[in-house]
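Subject: Structure handover

Dear colleague,

I am passing on the structure we spoke about, and my notes follow directly after it. Please read them with the structure open beside you.

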Amino acid sequence: MSEKGSIGVIIGNRDFFPDRLVAEARVEIIDLLSKLKINSIMLDTEDTKLGGVETFQDAQKCAALFRRHRDEIIGVLVVLPNFGDERGIAETLKLAELNVPVLVQGYPDDLDKLDVARRRDSWCGKISACNNLYQFGIKYTLTTKHVVHPSDPSFVKDLLDFTAVCRVTKGLRNVRIGAIGARPGGFNTVRYSEKILQRNGISVVTVDLSEILGNANKLTAQDASVQQRLQRIRDYASTGRTPDEALIQMAKLDVVLSDFMQENALDATAIQCWTSVQKNYGCNVCTSMSIMSENMLPSGCEVDVTGTLSMYALQLASGSPSALVDWNNNYANDDNKCVLFHCGNWAKSFLPDIEISTAPILGTSVGEENTYGALSGRTPAMPLTFGRISTDDPRGVMKAYIGEGRLTDDTLKTFGNRAVAEIPNLQDLMQYICRNGFEHHVVMNASKTASILKEALGNYMGWEVQLFDN
């Protein structure tokens with residue numbers, strides 16, 4: 001995990017508790033982090049007594065260490081092998097000024113070791129530490145069990161989930177999204193506030209679609225960059241009956257989109273995928289969008305910038321690609337199942353039978369021969385985390401809903417990118433979406449990461465988040 005960031009570690013201590021507990025905890029935490037391949041930043045045993053934090057002088061040393069690694073640290077783990085000094089912990093975080101997630105762990109006592117020489121009192125100390133963090137205005141995360149040994153499986157999961165929370169928080173505070181073209185005129189649903197996004201660290205870089213198409217038209221089939229992209233497209237998916245001319249158009253557009261992303265250091269894109277590109281250029285951009293999403297550069301339809309932001313958030317939480325989908329159809333008479341659909345730009349991870357095809361619905365208005373580049377494929381059964389981030393412009397806030405379910409292998413005879421989702425209390429979810437003005441787009445991810453997203457978006461980003469759990 002060192003290439004993705006490091007975890008700062010504060011080991012708390014208190015003078016009238018056994019020092020050996022600190023020494024033992026340090027060894028155990030270092031061993032666990034090493035096994036999980038999590039890089040850590042912590043005081044050496046020569047820096048303070050046993051490498052712990054107890055006094056204000058200890059806090060100053062630890063904070064200075066953290067500041068030197070400011071660009072590397074994405075979160076902080078507070079370890080309490082005994083009661084700990086709540087002031088030292090809070091002062092360290094205050095002085096370090098990292099503004100990153102904080103996980104607070106406390107060791108459990110052994111029932112037969114409650115004498116003066118061996119007792120911990122971390123149960124009580126954790127409450128005091130959290131009280132001080134609250135007073136200081138420092139946000140923090142709790143372990144599933146109030147006190148827990150680092151070897152406990154629940155803590156291992158807590159720690160891995162916490163690193164995901166750190167990834168989401170860091171990523172969203174620095175993300176750059178390209179808005180390529182204007183949203184389709186009939187899609188008021190995907191309107192959003194750039195200003196609210198910017199206040200939350202999310203930058204939007206805009207470009208007129210004519211610039212993208214104009215640059216693509218300047219390229220030729222013989223250009224080396226076009227030939228490279230053409231081969232990448234052929235390697236990515238079966239081309240089906242797609243003519244060579246359409247594949248070349250797709251490759252030229254792919255070159256320009258890639259250049260635009262690199263020039264502007266973009267993490268994701270939201271593209272005007274219809275109808276101008278079909279009418280004025282002659283193909284769909286879906287395949288390029290799918291390739292980007294598969295390579296962890298999420299790309300969303302219809303210039304849905306906050307939908308693309310949602311794709312990025314779910315990707316950060318899971319470490320796997322996301323797809324932007326329509327809440328599209330009921331599934332027969334099953335109140336807890338629905339059909340998820342889009343013309344065809346989902347990442348290949350969702351489409352084992354992927355094939356480059358056309359977009360029949362769009363083709364009715366622009367000519368199906370101008371829609372080559374859409375993908376066809378059915379998503380099989382897999383885990384499901386779904387979610388949606390939106391700007392609530394009238395109230396000036398960021399809001400989101402997230403939840404979990406599963407994708408099924410139920411029969412589904414249609415075209416495009418398609419899936420069947422089973423979600424507990426689906427009707428209540430649809431009521432919530434409609435009553436709170438959310439978009440018809442939602443994001444799906446093949447994971448179980450709703451709790452991670454709830455913690456990152458709600459606790460650390462400070463957004464309004466509604467969790468739909470089982």
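A helix, in the sense used here, is a DSSP run of H or I with at least four residues, and helices are numbered from the N terminus. Please keep in mind throughout that this is a predicted model.

I began with the enclosed spaces, where the count comes to three cavities of 30 Å³ or more. The largest cavity holds about 80 Å³ of space, and among the residues that line this cavity are Cys273, Trp274, His342, Cys343 and Leu362. Sorted by class, the lining of the largest cavity consists of six nonpolar, five polar and one charged residues.

The second largest cavity holds about 40 Å³ of space, and its lining includes Phe341, Cys343, Pro360, Ile361, Leu362 and Phe415. Helix α13, which covers residues 360–366, gives the most to this lining, with three residues. By class, the lining of the second largest cavity divides into seven nonpolar and two polar residues, with no charged ones. You may like to find Cys343 and Leu362 in the structure, since both residues appear in the lining of the largest cavity and also in that of the second largest cavity.

I also looked at one residue by itself, namely Ser154, which is found in helix α5 (residues 153–172). Ser154 has a relative accessible area of 17%, and because buried means under 20%, Ser154 counts as buried. Leaving aside its neighbours within four places in sequence, Ser154 is in contact with Lys145 and Val148.

With best wishes

Technical notes. Residues numbered from 1 in each chain as written. Predicted model: local features only at pLDDT ≥ 70, side-chain atom pairs only at ≥ 80, totals over all residues. Heavy atoms only, no water. Helix = DSSP H or I, 4+ residues; strand = E, 2+ residues; numbered from the N terminus. Buried < 20%, exposed > 50% of the residue type's maximum accessible area, 1.4 Å probe, protein only. Contact = heavy atoms within 4.5 Å. 1 Å grid on protein atoms, 1.4 Å probe; cavity = no way out; pocket = protein on both sides within 12 Å on 5 of 7 lines; lining within 4 Å. Points joined across faces, edges and corners; volume = space filled by probe spheres on them. Nonpolar A, V, L, I, M, F, W, Y, C, P; charged D, E, K, R; others polar.
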